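Below are some notes for a colleague who has the model open. They take up a helix, a sheet and a pair of helices in turn.

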Amino acid sequence: LVDLDQEQFVPTAEQLAQIEDRWVPKAEKGYFPGPVARITGFEVNGYDLRLHAQPTTFKEFVGLQTNSDAKEFGLTQLANPLSVSMAVKTADERWLLTKKMIGDRIGSLDAVGGYLNPQKDGNDPIKAARREYTEEIGSGEDSIRAMILLALQYEFKNLCHPVLSVLVKSSLTSQEILASAPKTSDGEVQLLIADDPIKAMEKMGKQGAEIEPDGQLTFALAV
């Protein structure tokens, strides 16, 4: 679980100016400054993982997310929202990849996933994972046979933030999932099927596709 503090993250004056400057082009594209959970620490007790967080927004994440921000302000002064990255394995032993269809990184390849939204998910990242599963795949939660936490990782390469890697076993075959998936024109991502997600990402990366490092690591942990 995530222990969510009620004290809001408060950026410095310099950071606030940077956030506002970076947010302008995003707002013009229709981005929404929704709520996310900023991770401030974690504890491991046996097989139990407990995360500590405080409220922040996607707007603040846009303004405080890069490697240069980390060098200037330090990792603990970034927005650091928690996301979930899911390696979804189908009933016919295949894997789901996503191809981003909107936003700044159109065409990039990733695992299924998204950010913990405290308003929708409370303090439960597994609830966030189930919500993202249904939103991106278009299938109900009842098709989830098992969810296994693989790791808590921290992405540095593109966007700096913590990521929960999860293995999801679906009761649906790959073709059943594709049949019920949102239409590409309606969804944020396009679903792709792979027998070996690591090799598929490597192949498409050589063809020019951007590879999201947190998704790639999630698959590496799951395969």
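**Notes on the model**

1. At the start of α5, a side-chain oxygen of Asp-124 comes to within 2.9 Å of the backbone nitrogen of Ile-126, a polar contact in the sense of N or O atoms within 3.5 Å, one able to donate a hydrogen and the other to accept it. The model is predicted, with local features needing pLDDT of at least 70 and side-chain atom pairs pLDDT 80 or more, whereas totals for chains, interfaces and linings use all residues. Residues are numbered from 1 along each chain, and side-chain values use heavy atoms, without hydrogens and water.

2. Because the expected span is 1.5 Å times one less than the number of residues, the 13 residues of α5 (residues 125-137) should cover 18 Å, and the end C-alpha atoms are indeed 18 Å apart. Among the buried residues of α5 (under 20% relative accessible area, 1.4 Å probe, protein chains only) are Ala-128, Arg-131, Glu-132 and Tyr-133. Gly-138, with a positive phi near 85°, follows α5.

3. Three strands form an open sheet in the order β1-β3-β2, with mixed pairing, where pairing requires at least two DSSP bridges. The edge strands, each paired on one side only, are β1 (2-4) and β2 (35-45). β2 and β3 (residues 48-57) pair in the antiparallel sense over ten bridges, and Gly-41 stands opposite His-52 in β3.

4. Helices α7 (residues 197-206) and α8 (residues 213-222) pack with axes 9 Å apart at an angle of about 150°, and are therefore roughly antiparallel, a term for angles over 145 degrees. Pro-197, Ile-198 and Met-201 of α7 meet α8 residues including Phe-219 and Ala-220, contact being heavy atoms within 4.5 Å.

Technical notes: Helices (H or I, at least four residues) and strands (E, at least two) are DSSP runs, numbered from the N terminus. Buried means under 20% relative accessible area, exposed over 50%, partly exposed in between (1.4 Å probe, protein chains only). Axes are lines fitted to C-alpha atoms, for helices over the stretch in contact, and angles run from 0 to 180 degrees between N-to-C directions. Angles under 35 degrees count as roughly parallel, over 145 as roughly antiparallel, 65 to 115 as roughly perpendicular and the rest as oblique.
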